[in-house]
Amino acid sequence: SISRILAATGATMSDFISLVDDIDRQNRKSGLLIPVIGFAQAGAKGYFDEDGYPQGDSWDEVRFPEFNASDDDEIYALEISGDSMEPLYRKGDVLVLSPKAKIRNGDRVVIKTTKGEVMAKELAKQSAAKIEIKSLNPDHENRKIPANDIAWMARIIWVSQ
């Protein structure tokens, strides 16, 4: 209990509260601000460059927990706005993406097609000619997409639920 900790350390309740407040203040300041838009907006023109990186000034920001930023300085986030990815991802969840991260079979990814469709799926198989993706929602079918129909693909590296 807190009273035993205070007795053992000789600290007062005010000392304890000030420590908790300092930790809370540090946590609010720590982390990296990364760009975020709604998942529904991601299919519209003007939000990404041709390599799948955020562009334009319509992005908001979200704080991402501290990590080694030298590993990937191009991460960004998409906020889920519908129910097409339930039960895994729900409205309000934030997916943090890394266009630089190596993608392997079994990874969860966000894909944008050349027609502007944006989807979050699991990469089942990838070849030079096509990719096979597994739907995260059992109500939606798995798909095969020709490689030349993919504008970009980024790995989901973290989810805030």
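This is a short walk through the pocket, the nonpolar cores and the aromatic rings of one protein model.

Okay, hi everyone. Before anything else, keep in mind that this is a predicted model.

Let's start with empty space. Rolling a probe the size of a water molecule over the atoms shows where empty space is left. In our model the largest pocket holds about 200 Å³. What lines the largest pocket? There are 14 lining residues, and S84, M119, A120, K121 and H140 are the ones nearest its centre. Strand β6, residues 118-126, supplies the largest share of that lining, with four residues. As for chemistry, the lining splits into six nonpolar, four polar and four charged residues.

Now to the inside. In soluble globular proteins, nonpolar side chains tend to be buried together. Here the largest nonpolar core has 20 residues, and F39, F48, L78, L95 and V110 have the most contacts inside it. Which elements give two or more residues to this core? They are β3 (76-79), β4 (94-98), β6 and β9 (150-160). Of these, β9 gives the most, with three residues.

Have a look at L95 on the screen. Leaving out residues up to four places away in sequence, L95 touches a whole list of residues, including F39, L78, V110, A120 and W158. Apart from that core there is another one, of 10 residues, with I111, L123, I145 and I150 among them.

I150 also turns up beside T113, a residue of strand β5 (108-113). Again skipping residues up to four places away in sequence, T113 touches M119, D149, I150 and A151. Is T113 buried or exposed? It's buried, with a relative accessible area of 7%.

Last topic: rings. A pair of aromatic rings is described by the distance of the centres and the angle of the planes. The count here is five aromatic pairs. Take F48 and W59: their centres are 5.4 Å apart with 90 degrees between the planes, an edge-to-face pair. Both residues sit in the loop between β1 (32-38) and β2 (60-64), so the pair ties together parts that are 11 residues apart in sequence.

W59 pairs with Y76 as well. Their ring centres lie 5.6 Å apart and the planes are at 80 degrees, so this pair is edge-to-face. Y76 is in strand β3 and W59 in that β1 to β2 loop, so parts 17 residues apart in sequence are tied together. W59 counts as buried at 12% relative accessibility, and Y76 is buried at 0%.

Put the ring pairs together, and they link Y47, F48, W59, Y76 and W152 into a cluster. That's it from me, thanks!

Conventions. Residues are numbered from 1 along each chain as its sequence is written. This is a predicted model: local features need pLDDT of at least 70, side-chain atom pairs count only at pLDDT 80 or more; totals for chains, interfaces and linings use all residues. Side-chain values use heavy atoms; hydrogens and water are left out. On a 1 Å grid over the protein atoms alone, a cavity is a set of points where a 1.4 Å probe fits but cannot get out, and a pocket is an open set with protein on both sides within 12 Å along at least five of seven lines; lining residues have an atom within 4 Å of a point. Grid points are joined across faces, edges and corners, and a volume is the space filled by probe spheres set on the points. Ala, Val, Leu, Ile, Met, Phe, Trp, Tyr, Cys and Pro count as nonpolar, Asp, Glu, Lys and Arg as charged, and the others, Gly among them, as polar. A nonpolar core is a set of buried Ala, Val, Leu, Ile, Met, Phe, Trp, Tyr and Cys residues joined through side-chain atoms within 4.5 Å. Buried means under 20% relative accessible area, exposed over 50%, partly exposed in between (1.4 Å probe, protein chains only). Contact means heavy atoms within 4.5 Å. Rings of Phe, Tyr and Trp (its six-membered ring) pair if their centres lie within 6.5 Å; planes under 30 degrees apart count as stacked, over 60 as edge-to-face and the rest as tilted.
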